Amino acid sequence: MGDPLLLSRFTAGDEDAVRTIYRAYGRLVFAVAYKVLGDRGLAEEATQQAFLQAWRAAASFEPSKELGPWLATIARRAAIDVHRREARHAHSSLEDADPADAGLVSLPPSVDRIYDAWQVRQALSELSPDEADLVRLQHMEGLTHTQIAERLNIPVGTVKSRSFRAHRRLAGLLGHLRGDDPAESAPRQPPIGTGGQR
Amino acid sequence: MTDEERISYLAGDHAGAPGPLDPADAVELDELRALLADPAMWEVPGQHLEDTVAAAVTSAASRETGDERSGPATSARRAQGGEHARRARHWSRRSVVAWAAGAAAAAAIAIGIGVTTSTGPHATTFSAALSGTSLAPGATGQATLTQTTAGWRVTLHVSGLPRLDDGRFYQAWLKNAAGVLVPVGTFNQSGDITLWSGVPPTQFPTITVTRQQANGNPASSGQRVLIGNAHDVS
């Protein structure tokens, strides 16, 4: 993370340091928790737990290491704890459970899947608002280029060219271009103390 | 497959990706598309969460000040931190989203480590994230319950609840496993709200907020707008 002083202040429970680290990583931690839990309220609870656990473990964190992956691991474990607690308390018997309840049939995402999600979330945060909006409309809302053009009131050709540019930038950030060495093209860690993420 | 064709495929421009996809490319790009379609990639936490996190950590740190930092609890935390650091080192050797495709084997779930709580002379604190129900899907909140000699102070930070007037109001409750409800106070709209409880969250861990009408019936209307479970963050 490159800032031993900030980590030292975080370890001491300094509020400004906690807020600085939250602004840099809070949304990413939340994204990991949401990926595991699929529920906004529970994800916020797990995010809070993750930062508490990070604070408790901060004294043993090696400042030369990247803070992001460490926080993501903590976030995943905090979310799994919340998931297990909810699974224990949600149903008094199996008969009460909704057959579609993910807690009955699925495992939390693996560490690797969580890390993939972390990287994608970070890359999305580096897109411009217009680029991110277009990618969201296309993938999360499942709109076609024509539908996006109608939604944004712009020509289909403009949507296509913007979409291509946005995805080229995204692929570059994620190392999905043949010319990139994935080990060299990982998204940058969030800047600390520069205003946080979108 | 060229970079341009890969990007065209990712961007949904099928005309730009003329040939059939290499299976490895297809698996990898489809995994990325699945992630981009995942709401977890787009959802953002409530603005109150920064305050909640800052309060939780600074509060825990202030309670810890009087504790013996080199005691068993700290040692356990350091061991836990070492495990996190080991995993972080593992990640540092891994590429972003793996370029080489391949079906990932289902990974075993890591055993979660519970939070080690301090046992200092300071007040016990519980916290709960509150989620909006189908009656108020845009509502969210955070509750902090602090033990005092007078009872449990319940501090709510609520957003997304419209103002209720003219005999209508919100009422907060604590509930135990048997479903017994204890009222802890009423309010009119979102914001920072302080309420009080005479029963502990250890026995009444579920927090709910209902819409109520001043009609002489003190029972819950059943119209829940927020719900969450409190846990010890001392």
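What share of the contacts in chain A with a separation of 6 or more comes from residues 24 or more positions apart? The figure is 66%. Keep in mind that this is a predicted model.

**Chain A at a glance**

Chain A is built from 9 helices and 0 strands, so its pattern along the sequence is simply α-α-α-α-α-α-α-α-α. The chain has 198 residues, and 48% of them count as buried.

**The nonpolar core**

In soluble globular proteins, nonpolar side chains tend to be buried together. Here, the largest nonpolar core has 100 residues, and A:Val32, A:Ala33 and A:Ala75 have the most contacts inside it. Helix H2 of chain A, residues 15-37, supplies the largest share of this core, with 15 residues.

Take A:Ala33 for a closer look. Leaving aside residues up to four places away in sequence, A:Ala33 touches A:Ala43, A:Ala46, A:Thr47 and A:Ala50, along with A:Ala75, A:Ala78 and A:Ala79. A:Ala75 is thus on the list of partners of A:Ala33, and both are among the residues with the most contacts inside the core.

**Where H2(A) meets chain B**

Two packed helices are described by the angle between their axes and the distance between the axes. H2(A) packs against helix H3 of chain B, residues 48-64, at an angle of about 135 degrees, and the axes are 9 Å apart. The two helices are therefore oblique to each other, and their crossing is right-handed.

On the H2(A) side, the contact is made by A:Glu15, A:Val18, A:Arg19, A:Tyr22, A:Arg23 and A:Gly26. H3(B) answers with B:Leu49, B:Glu50, B:Val53, B:Ala54, B:Val57 and B:Thr58. Sorted by type, the residues of this contact come to 6 nonpolar, 2 polar and 4 charged.

**Two residues with positive phi**

Most residues other than glycine have a negative phi. A:Asn153 has a positive value, and so does B:Asp166. Here they are side by side:

| Residue | Phi | Loop between | C-beta atoms within 10 Å |
|---|---|---|---|
| A:Asn153 | near 60 degrees | helix H8 (145-152) and helix H9 (156-174) of chain A | 6 other C-beta atoms |
| B:Asp166 | near 55 degrees | strand S3 (152-159) and strand S4 (168-175) of chain B | 7 C-beta neighbours |

Is A:Asn153 buried or exposed? With 6 other C-beta atoms within 10 Å, A:Asn153 is exposed, because 12 or fewer is the cut-off for that label. B:Asp166 counts as exposed too, with 7 neighbours inside 10 Å. The loop that holds A:Asn153 links two helices, while the loop with B:Asp166 lies between two strands.

Key
Residues are numbered from 1 along each chain as its sequence is written. Chains are lettered from A and ligands numbered from 1 in the order in which they are written. This is a predicted model: local features need pLDDT of at least 70, side-chain atom pairs count only at pLDDT 80 or more; totals for chains, interfaces and linings use all residues. Helices (H or I, at least four residues) and strands (E, at least two) are DSSP runs, numbered from the N terminus. A residue is buried if 20 or more other C-beta atoms lie within 10 Å of its own, exposed if 12 or fewer, and partly exposed in between; C-beta atoms are placed from the backbone. Two residues are in contact if their C-beta atoms, placed from the backbone, lie within 7 Å. A nonpolar core is a set of buried Ala, Val, Leu, Ile, Met, Phe, Trp, Tyr and Cys residues joined through C-beta atoms within 7 Å. Axes are lines fitted to C-alpha atoms, for helices over the stretch in contact, and angles run from 0 to 180 degrees between N-to-C directions. Angles under 35 degrees count as roughly parallel, over 145 as roughly antiparallel, 65 to 115 as roughly perpendicular and the rest as oblique. A crossing is left-handed if the near helix is turned anticlockwise from the far one by less than a right angle, and right-handed if clockwise. Ala, Val, Leu, Ile, Met, Phe, Trp, Tyr, Cys and Pro count as nonpolar, Asp, Glu, Lys and Arg as charged, and the others, Gly among them, as polar.
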